[in-house]
Structures are given as C-alpha cells and as structure tokens.
Amino acid sequence: MSGGTIFDKIIAKEIPADIVYEDELSLAFKDINPQAPVHVLIIPKKHIATINDIEESDRELIGHLYVVAARLAQQYGFAKDGYRVVMNCNEDGGQSVYHIHLHLLAGVTMGWPPFANNKPKQVG
Ligand code: AMP
C-alpha cells in the first residue's frame with residue numbers, strides 16, 4: 001500500500017535515508033532537518049496519511065511505533081534523561097509529510113508549551 005509520499009519512497013529504498021532501525025512493520029531514520037541533537041522519525045511501513053486515518057485495526061501498529069521509540073531511547077542512552085515523542089496532524093499540527101510518523105527528539109532540555117508565542121484560535 002503506497003501513498004506516494006517521500007516516506008513511501010524511503011520505505012521502498014527508492015531514495016536514501018540515514019536508517020537507524022528497521023523491522024517488518026516500521027522504519028526509523030534521521031530527520032533531514034533536525035530540531036534537536038537527536039531527531040529520528042519512526043514510521044509505519046503501512047501508508048496511513050494522518051492520525052485521522054488511523055483505524056481500530058491499526059492499534060498494534062501504532063503501539064509498536066512507541067515500542068521502537070523506547071528501544072531507540074535505550075540504545076542511544078537518553079531514556080533516563082528524557083525525550084519527546086510527537087506526531088503532528090494536518091496543517092495546524094504542523095504536518096508536512098502525509099504519512100504518519102513519530103518524531104523522537106532528545107539531547108536537549110525541551111520547553112513546554114511549544115506554541116507559547118502563537119495566537120490561539122477558538123476550537124471545541
Ligand atoms: P512533519 O512536519 O511532522 O510532517 O514532519 C516531517 C519531517 O520530515 C520534517 O521534520 C522534515 O525535516 C522531515 N523530512 C522530510 N523529508 C525528509 C527526508 N527525505 N529524509 C528525512 N527526513 C525528512
């Protein structure tokens with residue numbers, strides 16, 4: 001199942017990426033434009049465009065992405081110090097590649113909230 005995004009091309013090995021982990025369900029590679037000393041993207045091999053497209057049958061797959069994140073945190077040695085795992089959704093969430101991915105960010109103490117300087121809009 002392919003969605004034709006740049007990440008689908010990375011999965012198909014049609015374009016290169018700095019891959020740090022791979023199994024039958026997922027792939028993890030370094031972000032090309034890192035926002036932290038460690039910035040790895042963890043993606044499912046199944047094409048799912050956004051969080052809104054996650055189905056009940058994807059439960060295990062989504063959980064697996066977090067298992068991979070935790071394993072990489074152990075492997076890189078920042079599990080105890082801490083890290084951030086983020087998945088953006090659509091325009092307001094800052095999504096630019098429409099194939100879901102976890103951002104695994106580490107190596108710096110991160111502030112919260114990340115949107116402190118932005119004007120809120122009315123929702124809900
Ligand atoms: P998002 O904005 O949440 O959709 O995140 C997309 C991320 O993909 C950004 O952090 C980009 O820097 C990253 N990215 C885009 N193209 C590539 C690529 N070819 N290899 C690695 N990371 C990429």
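Me: Which residues does UniProt list for "domain: HIT"?

Reply: The unreviewed UniProt entry lists residues 6–115 under that name. The model discussed here is predicted. Over residues 6–115 the chain is 25% helix and 22% strand, and the C-alpha atoms at the two ends are 27 Å apart.

Me: How should the surroundings of the ligand be read, and how many residues surround the ligand?

Reply: A residue counts as near the ligand if one of its heavy atoms lies within 4 Å of it. Here 16 residues surround the ligand. The closest are Asp 31, Asn 88, Gly 94, Ser 96 and His 103. By class, the shell comprises seven nonpolar, seven polar and two charged residues.

Me: Which polar side-chain or backbone atoms lie at short listed distances from the ligand?

Reply: A polar contact is a pair of N or O atoms within 3.5 Å. For Ile 32, a backbone N or O atom is 3.1 Å from a nitrogen atom of the ligand. Val 97 places a polar backbone atom 2.9 Å from a ligand oxygen atom. With His 101 the partner is a polar side-chain atom, 2.9 Å from an oxygen atom of the ligand. On its own the ligand has 510 Å² of accessible area, of which the protein covers 85%.

Me: Where does the ligand sit, and which elements give two or more residues to its shell?

Reply: The ligand occupies the largest pocket. Helix H1 (6–11) and strand S2 (26–30) are the elements that give two or more residues to the shell. H1 gives the most, with three residues.

Me: Which backbone geometry should one look for at Lys 13 and at the bond from Trp 112 to Pro 113?

Reply: Most residues other than glycine have a negative phi, and most peptide bonds are trans. Lys 13 has a positive phi, near 60 degrees, and is placed in the loop between H1 and strand S1 (19–22). The peptide bond from Trp 112 to Pro 113 is cis, with omega near 0 degrees. Pro 113 belongs to the segment after strand S5 (102–106).

Technical notes:
Residues are numbered from 1 along each chain as its sequence is written. This is a predicted model: local features need pLDDT of at least 70, side-chain atom pairs count only at pLDDT 80 or more; totals for chains, interfaces and linings use all residues. Side-chain values use heavy atoms; hydrogens and water are left out. A polar contact is a pair of N or O atoms within 3.5 Å; within protein, one must be able to donate a hydrogen and the other to accept it, and residues adjacent in sequence count only if both atoms are side-chain atoms. Accessible areas come from the Shrake-Rupley method with a 1.4 Å probe; for residues, only the protein chains shown count as cover. On a 1 Å grid over the protein atoms alone, a cavity is a set of points where a 1.4 Å probe fits but cannot get out, and a pocket is an open set with protein on both sides within 12 Å along at least five of seven lines; lining residues have an atom within 4 Å of a point. A molecule sits in a cavity or pocket if more than half of its atoms lie within 2 Å of its grid points. Helices (H or I, at least four residues) and strands (E, at least two) are DSSP runs, numbered from the N terminus. Ala, Val, Leu, Ile, Met, Phe, Trp, Tyr, Cys and Pro count as nonpolar, Asp, Glu, Lys and Arg as charged, and the others, Gly among them, as polar. UniProt positions are given in the numbering used here, feature names are shortened, and annotations may be inferred rather than shown by experiment.
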